[in-house]
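This report describes how the helices of the structure shown below are packed and which charged pairs are found on them.

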Amino acid sequence: MALLKLAKEIADGVVGDADQATVRAVFDRLCLETDMGPEPDAAAQPSASLH
């Protein structure tokens, strides 16, 4: 339930009043990333910055 609420908040923040399909797509992505965990190289790569 918490991921679904987060998905709704993210979708609404990006597109305004998000429809159910958009919220579902964001929810599916959150579930995928939650299941997979962080990317293995994410900690090894320095963060990019603009100068």
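Helices are DSSP runs of H or I with at least four residues, numbered from the N terminus. The structure is a predicted model, and the description that follows should be read with that in mind.

## Crossing of the two helices

Helix α1 covers residues 2-15 and helix α2 covers residues 20-36; their axes come within 8 Å and cross at roughly 125 degrees. Because angles of 65 to 115 degrees count as roughly perpendicular and those over 145 as roughly antiparallel, this crossing falls in neither class, and α1 is therefore oblique to α2. The handedness of the crossing of α1 and α2 is right-handed.

On the side of α1, the contact is formed by Leu3, Leu4, Leu6, Ala7, Lys8, Ile10, Ala11 and Val15. Helix α2 contributes Thr22, Val23, Val26, Phe27, Leu30, Cys31 and Thr34. Sorted by class, the contact between α1 and α2 comprises 12 nonpolar, two polar and one charged residues.

## Ala7 in the contact

Ala7 belongs to helix α1 and is one of the residues through which α1 meets α2. Its relative accessibility is 0%, so Ala7 counts as buried. When residues up to four places away in sequence are not counted, Ala7 touches Val23, Val26, Phe27 and Leu30; these four residues are listed among the contributors of α2 to the contact.

Two C-alpha separations place Ala7 relative to charged residues. Ala7 and Arg24 are 17 residues apart in sequence, and their C-alpha atoms are 7.6 Å apart in space. For Ala7 and Asp28, 21 residues apart along the chain, the C-alpha separation is 8.7 Å.

## Salt bridges within helix α2

How many salt bridges does a search of the whole structure find? The search returns four.

One of them joins Asp28 and Arg24, with the closest N and O atoms 3.2 Å apart. Asp28 and Arg24 are four residues apart in helix α2, which means that about one helical turn separates them. Asp28 has a relative accessible area of 37% and is therefore partly exposed. Arg29 forms a salt bridge with Glu33, and here the closest N and O atoms are 2.7 Å apart. Arg29 and Glu33 likewise both lie in helix α2, four residues apart, about one turn of the helix. Glu33 has 42% relative accessibility, so this residue counts as partly exposed.

## The network around Lys8

Lys8, Asp12 and Asp17 are linked in a network of salt bridges. Within this network, Lys8 pairs with Asp17, the closest N and O atoms being 3.8 Å apart; this is inside the limit, because a salt bridge requires a side-chain nitrogen of Lys or Arg within 4 Å of a carboxyl oxygen of Asp or Glu.

Is each partner of the Lys8 and Asp17 pair buried, exposed or partly exposed? Lys8 has 32% relative accessibility and so counts as partly exposed, whereas Asp17, with a relative accessible area of 72%, is exposed. Lys8 also appears among the residues of α1 in the contact with α2.

## Asp19 in the connecting loop

Asp19 is located in the loop between α1 and α2. At 44% relative accessibility, Asp19 counts as partly exposed. Asp19 and Lys8 are 11 residues apart along the chain, and 9.1 Å separates their C-alpha atoms.

Terms used: Residues numbered from 1 in each chain as written. Predicted model: local features only at pLDDT ≥ 70, side-chain atom pairs only at ≥ 80, totals over all residues. Heavy atoms only, no water. Axes fitted to C-alpha atoms, helices over the stretch in contact; angles between N-to-C directions. Parallel < 35°, antiparallel > 145°, perpendicular 65-115°, else oblique. Left-handed = near helix turned anticlockwise from the far one by under 90°. Contact = heavy atoms within 4.5 Å. Nonpolar A, V, L, I, M, F, W, Y, C, P; charged D, E, K, R; others polar. Buried < 20%, exposed > 50% of the residue type's maximum accessible area, 1.4 Å probe, protein only.
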